[in-house]
Amino acid sequence: MSSDNTTLPGTASHPSPAGVEAMWDHPLVRRASCVGQRVRRIDRSRPWLVDAGVVLALIALLCLPDLLSPSRPLEFDVDFTRLSWPGMIALQAGLLLPLLWRRRKPATTFAVVAAVFLVQCALGVWLRAGMAVLIAVYHLALRGRARHLPVACAVLAVALGLIALRMPGDVSIVDGLFFLSTTVVAAVALGLVVRVRRAQLAALHDRAARLEIERDQRSQLATAAERTRVAREMHDIVGHNLSVIITLADGGARAAALTPERGKQALLMIGDTGRQALGELRRVLGILRDPHANADPAQLSPQPRLADINALCARIRAAGPQVVYRTSGELDSLDRGVQLTVYRIVQEALTNALKHAGRDTRIDLTVTAGDRDLRIGVHNTGPDPTAAGPQPPRDQGQGLTGMRERAALYNGTVTAGPAPGGGWAVRTVLDLTPITGLPQPSHAGGAQ
């Protein structure tokens with residue numbers, strides 16, 4: 001199979017990126033780039049030094065040739081007036097020295113240079129330093145106010161008209177003005193282009209800075225959300241298990257004197273509950289220690305499900321209360337995030353019932369799953385009226401706030417208060433309708 005390197009008709013050859021990179025990697029281009037970077041650094045640190053250097057370079061290029069060869073005839077047949085040295089030096093100084101302030105006061109600089117240039121044109125003097133008026137109008141377009149440009153162009157038109165009047169007879173004034181005005185148009189256009197380019201670069205830098213700030217803010221918000229999640233998990237684990245352990249220890253201490261076997265059983269349950277709490281704490285704290293925790297969050301975060309509520313009720317029963325657990329609906333098909341939320345809300349409600357109502361209470365727990373919502377009801381009969389010691393207030397701690405935050409993930413509500421028949425009731429409603437266009441709760445990372 002033969003190969004052909006000819007170009008198909010209608011196709012254009014474009015320089016390859018490699019060729020462009022090779023051009024920019026040329027030693028002369030690299031050297032020029034280094035020189036430009038050094039000049040920009042000096043300009044940022046000492047702008048007056050660069051301004052003075054530019055003026056000195058213009059004096060060497062534009063003034064010295066006219067001063068060293070005052071009697072050399074001009075290359076073209078134009079009736080220009082020749083001045084003596086003092087007059088020539090005065091005009092050159094008036095044209096070039098104001099350029100020292102061209103960046104700080106572009107309008108004033110142009111006004112002075114244009115006035116001297118008008119005097120030069122009125123006298124019919126030809127000086128190379130007259131190019132300073134183009135530099136002045138360039139900086140006026142680059143840094144000055146836009147309303148000054150029409151006035152500047154009008155002044156230059158008058159000056160160029162005076163020059164065109166001294167053109168040879170075979171060149172019309174219109175042609176002379178056209179060719180002379182192209183230099184002014186080029187200077188103004190260059191200044192406007194550079195001005196727009198600098199504005200675009202400033203806008204890009206500002207956008208990059210704002211994006212960096214937003215990125216840092218998002219990182220801080222994510223860190224705060226992760227800390228809140230870990231704190232919530234720690235509260236659920238420590239608060240629930242410690243309440244069960246304390247209740248078992250109190251009951252075991254009283255039963256040890258009368259029924260040693262019950263005391264031994266309570267100690268065994270305390271050990272099991274403590275080991276379970278320790279395992280969950282290790283998984284939660286592993287997120288903070290393991291740098292590769294994000295690779296598989298499901299292995300590090302505790303992920304209880306609805307099936308674990310039976311074991312949760314068994315631990316509460318072991319502490320003394322009578323727990324009746326009822327379910328209805330398709331619970332196994334629920335999202336894992338919903339199951340974790342339900343488990344944590346039930347855990348917090350049972351812990352509060354054990355903490356505030358005591359061991360001699362009955363807790364009715366119901367979990368009902370419908371087509372569009374899920375309802376959780378936790379009702380306890382309240383503390384034994386004959387029990388000694390005051391009961392702490394029901395709003396103590398952050399338990400109810402945590403339940404409401406978890407329910408809010410699914411547009412749910414949590415209400416708590418005295419039950420009509422006595423005792424205390426906590427009712428939760430979670431919305432199971434999918435929300436389109438919004439991120440769903442994470443299944444692997446737990447409740448956020």
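The following dialogue sets values from a predicted model against the definitions behind its descriptive terms.

Student: What kind of model is this, and how are its residues numbered?

Tutor: The model is predicted, so local features need pLDDT of at least 70 and side-chain atom pairs count only at pLDDT 80 or more, while totals for chains, interfaces and linings use all residues. Residues are numbered from 1 along each chain as its sequence is written, and side-chain values use heavy atoms, with hydrogens and water left out.

Student: How many helices and strands does the protein chain have?

Tutor: The protein chain has twelve helices and five strands. Both are DSSP runs numbered from the N terminus: H or I over at least four residues for helices, E over at least two for strands.

Student: What makes α5 roughly antiparallel to α6?

Tutor: Helix α5 (residues 106–123) and helix α6 (residues 132–143) pack at about 155°, with axes 9 Å apart. Angles over 145 degrees count as roughly antiparallel, under 35 as roughly parallel, 65 to 115 as roughly perpendicular, and the rest as oblique. α5 is therefore roughly antiparallel to α6. Axes here are lines fitted to C-alpha atoms, for helices over the stretch in contact, and angles run from 0 to 180 degrees between N-to-C directions.

Student: Which residues make the contact of α5 with α6?

Tutor: From α5 come Pro106, Ala107, Phe110, Val113, Ala114 and Phe117; from α6 come Ala132, Val133, Ala136, Val137, His139, Leu140 and Arg143. Contact means heavy atoms within 4.5 Å. By class there are eleven nonpolar, one polar and one charged residues. Nonpolar covers Ala, Val, Leu, Ile, Met, Phe, Trp, Tyr, Cys and Pro; charged covers Asp, Glu, Lys and Arg; the others, Gly among them, are polar.

Student: Why are α10 and α11 called roughly parallel?

Tutor: The axes of helix α10 (residues 309–318) and helix α11 (residues 336–357) come within 11 Å and cross at roughly 10°. That angle falls in the roughly parallel class, so the two helices are roughly parallel to each other. Ile309, Leu312, Cys313, Arg315 and Ile316 in α10 meet Val342, Tyr343, Val346, Gln347, Leu350 and Leu354 in α11. This contact has nine nonpolar, one polar and one charged residues.

Student: What makes α2 oblique to α3?

Tutor: The axes of helix α2 (residues 27–45) and α3 come within 5 Å and cross at roughly 120°. The angle belongs to none of the three named ranges, and α2 is therefore oblique to α3. Val39, Ile42, Asp43, Arg44 and Ser45 in α2 meet Pro47, Leu49 and Val50 in α3. These residues divide into five nonpolar, one polar and two charged.

Student: How do you know that Arg103 forms a salt bridge with Asp51?

Tutor: A salt bridge is a side-chain nitrogen of Lys or Arg within 4 Å of a carboxyl oxygen of Asp or Glu. For Arg103 and Asp51 the closest N and O atoms are 2.9 Å apart, and the pair qualifies. Arg103 is in the loop between α4 (85–96) and α5, and Asp51 is in helix α3 (residues 47–68), 52 residues apart. Asp51, Arg102 and Arg103 are linked in a network of salt bridges. The structure holds seven salt bridges.

Student: Why is Asp51 called buried?

Tutor: Buried means under 20% relative accessible area, exposed over 50%, and partly exposed in between (1.4 Å probe, protein chains only). Asp51 has 5%, so Asp51 is buried. Of the 448 residues of the protein chain, 34% count as buried.

Student: Where do Arg210 and Asp206 lie, and what makes Arg210 partly exposed?

Tutor: Both lie in helix α8 (residues 173–258), four residues apart, about one turn of the helix. Their salt bridge has its closest N and O atoms 3.0 Å apart. Arg210 stands at 40% relative accessibility and therefore counts as partly exposed; Asp206, at 42%, is also partly exposed.

Student: What makes Asn411 exposed?

Tutor: Its relative accessible area is 55%, so Asn411 is exposed. Asn411 is found in the loop between α12 (399–408) and β4 (413–418). Phi of Asn411 is near 55°, a positive value in a residue other than glycine. Most residues other than glycine have a negative phi.

Student: Is Val426 buried or exposed?

Tutor: Val426 has a relative accessible area of 9% and is therefore buried. Val426 lies in strand β5 (residues 424–431). Not counting residues up to four places away in sequence, Val426 touches Ile376, Gly377, Val378, Met403, Val414, Thr415 and Ala416.
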